[in-house]
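Student: I'd like a close look at the inside of this protein, packing and empty space included. Could you walk me through it once the model is up?

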Amino acid sequence: MKYLDEFSDPDLARILIDKIHDTTDRRWSMMEVCGGQTHSIIRHGIDQLLPETIEMIHGPGCPVCVTPLELIDKALAIAAQPGVIFCSFGDMLRVPGSRKDLFHIKSEGGDIRVVYSPLDALNLARQNPDKQVVFFGIGFETTAPANAMTVYQAERLGVENFSLLVSHVLVPPAIAAIMDSPQCRVQAFLLAGHVCSVMGTEEYPPLVEKYKVPMVVTGFEPLDILEGIRRTVDQLENGRAELDNAYPRAVRAEGNLPAKKMLNDVFEVTDRKWRGIGMIPKSGWKLSEKYRKFDAEHRFSVQDLHANESPICRSGEVLQGLIKPHECAAFGKECTPRNPLGATMVSSEGACAAYYLYRRLTVLPEVAHV
Ligand code: SF4
């Protein structure tokens, strides 16, 4: 398949792997920020093909995983209310809140709908004027434009019974938080190609300058990732720290200007709590004053819920790259995709799910008999 097969060519992959081995003299650790890249790395065994001295650290790039527990609990509280149609992408339904998940709410009679676009939720609102329709708008800079466009359309069409439960987070402040952590081991970043395709690359030179680490914009197919790693190793071995774009077929420095204009109109920057990490200043978006009436948190007054994390889940350390998923004692035992204790085991982009799915453990009790 064009654009997939050509970026999975094994002969070209071998050439890139050989170049990485030839270039690498020292020990390096680099972080891929995006959960999609984490899955690609684990699925294709890319980390196992690299020199042993290169460690891939999996960053907090899974949007479902970093959505704070308090917000999941707010979603559950809103979804349980009579007269509400609560819409979400499918991967949020199994994410555990303090006591339940959206599937539980659905089994108890809540009207939970899986949609494939926020515009589907807006259509539901127009078809059900006697209901309140809420869309759970989570994600990084990649998913935000569609949500912004939906709110803009709701305003334009005068749809009063639609609202957005917003949990948008931003990559550059998260990188700064990771680098500022005293436990940080990251020496370079593979930047998320899809985030940069929206936002461009202009936010990153100040981070490169401040932290003196290479940052390479990287795609998602095996050759994309290997090329990103090759360029990163080349910088590290030669003592350089620069911003580089290894994904030029999708990313321009200025990004997607119409999308950015829409984002600036509908959202404004705010402090956001990241699940497993904590509060990061100016690391997210909320609806701007102009569109505040579409904010589900205001509409439903569910501001102060107390949330309880699983005491044995170490997803915070996983999200910060401090441990690998299989170093958590619950991995593959108490915690599996069927019975997840943390969001990193639920999401299709979560590191724990990737390690479980691709069997990065010698013993996996739940699947050992298969
Ligand atoms: S394996 Fe499960 S319990 Fe352990 S860190 Fe991952 S999500 Fe949390």
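Leaving aside its neighbours within four places in sequence, which residues is Phe189 in contact with?

Tutor: Bear in mind that this is a predicted model. Setting aside anything within four places in sequence, Phe189 is in contact with Met31, Val33, Ile175, Ile178, Met179, Val213, Pro214, Met215 and Val216. Phe189 belongs to the largest nonpolar core, which has 58 residues, and together with Phe86 and Ile175 it touches the most other members. Both domains feed this core: domain 1 (31-313) and domain 2 (315-364) each supply at least three residues. There is also a second, separate core of 33 residues, with Met30, Met56, Leu223 and Ile225 among them. As a general point, nonpolar side chains in soluble globular proteins tend to be buried together.

Burial isn't just for nonpolar side chains here, though. Take Asp224, which sits in helix 12 (residues 222-237). Its relative accessible area is 4%, and since anything under 20% is called buried, Asp224 counts as buried. Again leaving out neighbours within four places in sequence, the contacts of Asp224 are Phe7, Thr218, Gly219, Tyr247 and Arg249.

Now back to the stretch around Phe189, because one of its contacts, Val213, brings us to a backbone detail at Lys212. Lys212 is found in the loop between helix 11 (205-211) and strand 8 (215-218). Its phi is positive, about 55°, although it is not a glycine. Lys212 has 54% relative accessibility, so it counts as exposed. Lys282 is another non-glycine residue with a positive phi, near 50°. This one lies in a strand, namely strand 11 (residues 278-287). Lys282 is exposed as well, with 59% relative accessibility.

Next, the empty space. Rolling a probe the size of a water molecule over the atoms shows where empty space is left. Searching the whole structure turns up two cavities of 30 Å³ or more. The largest has a volume of about 90 Å³. Its lining takes in 13 residues, and those nearest its centre are Cys313, Arg314, Cys328, Cys335 and Cys352. Sorted by class, that lining comes out as nine nonpolar, three polar and one charged residues.

The second largest cavity has a volume of about 60 Å³. It is lined by 13 residues, with Gly59, Leu319, Glu349, Gly350 and Ala351 closest to its centre. Helix 2 (35-43) and helix 15 (315-319) are the elements that give two or more residues to this lining. The class split for the second largest cavity is five nonpolar, seven polar and one charged. Where does the second largest cavity lie with respect to the domains? Domain 1 (31-313) and domain 2 (315-364) both contribute lining residues, so the cavity lies between them.

That leaves helix 2, one of the elements behind that lining. Helix 2 is mostly covered, with seven of its nine residues buried. Those buried residues are Gly35, Gln37, Thr38, His39, Ser40, Ile41 and Ile42. Just after helix 2 comes Gly45, which takes a positive phi of about 65°.

Note on methods. Residues are numbered from 1 along each chain as its sequence is written. This is a predicted model: local features need pLDDT of at least 70, side-chain atom pairs count only at pLDDT 80 or more; totals for chains, interfaces and linings use all residues. Side-chain values use heavy atoms; hydrogens and water are left out. On a 1 Å grid over the protein atoms alone, a cavity is a set of points where a 1.4 Å probe fits but cannot get out, and a pocket is an open set with protein on both sides within 12 Å along at least five of seven lines; lining residues have an atom within 4 Å of a point. Grid points are joined across faces, edges and corners, and a volume is the space filled by probe spheres set on the points. Ala, Val, Leu, Ile, Met, Phe, Trp, Tyr, Cys and Pro count as nonpolar, Asp, Glu, Lys and Arg as charged, and the others, Gly among them, as polar. Helices (H or I, at least four residues) and strands (E, at least two) are DSSP runs, numbered from the N terminus. Domain bounds come from an automatic or database domain assignment. A nonpolar core is a set of buried Ala, Val, Leu, Ile, Met, Phe, Trp, Tyr and Cys residues joined through side-chain atoms within 4.5 Å. Buried means under 20% relative accessible area, exposed over 50%, partly exposed in between (1.4 Å probe, protein chains only). Contact means heavy atoms within 4.5 Å.
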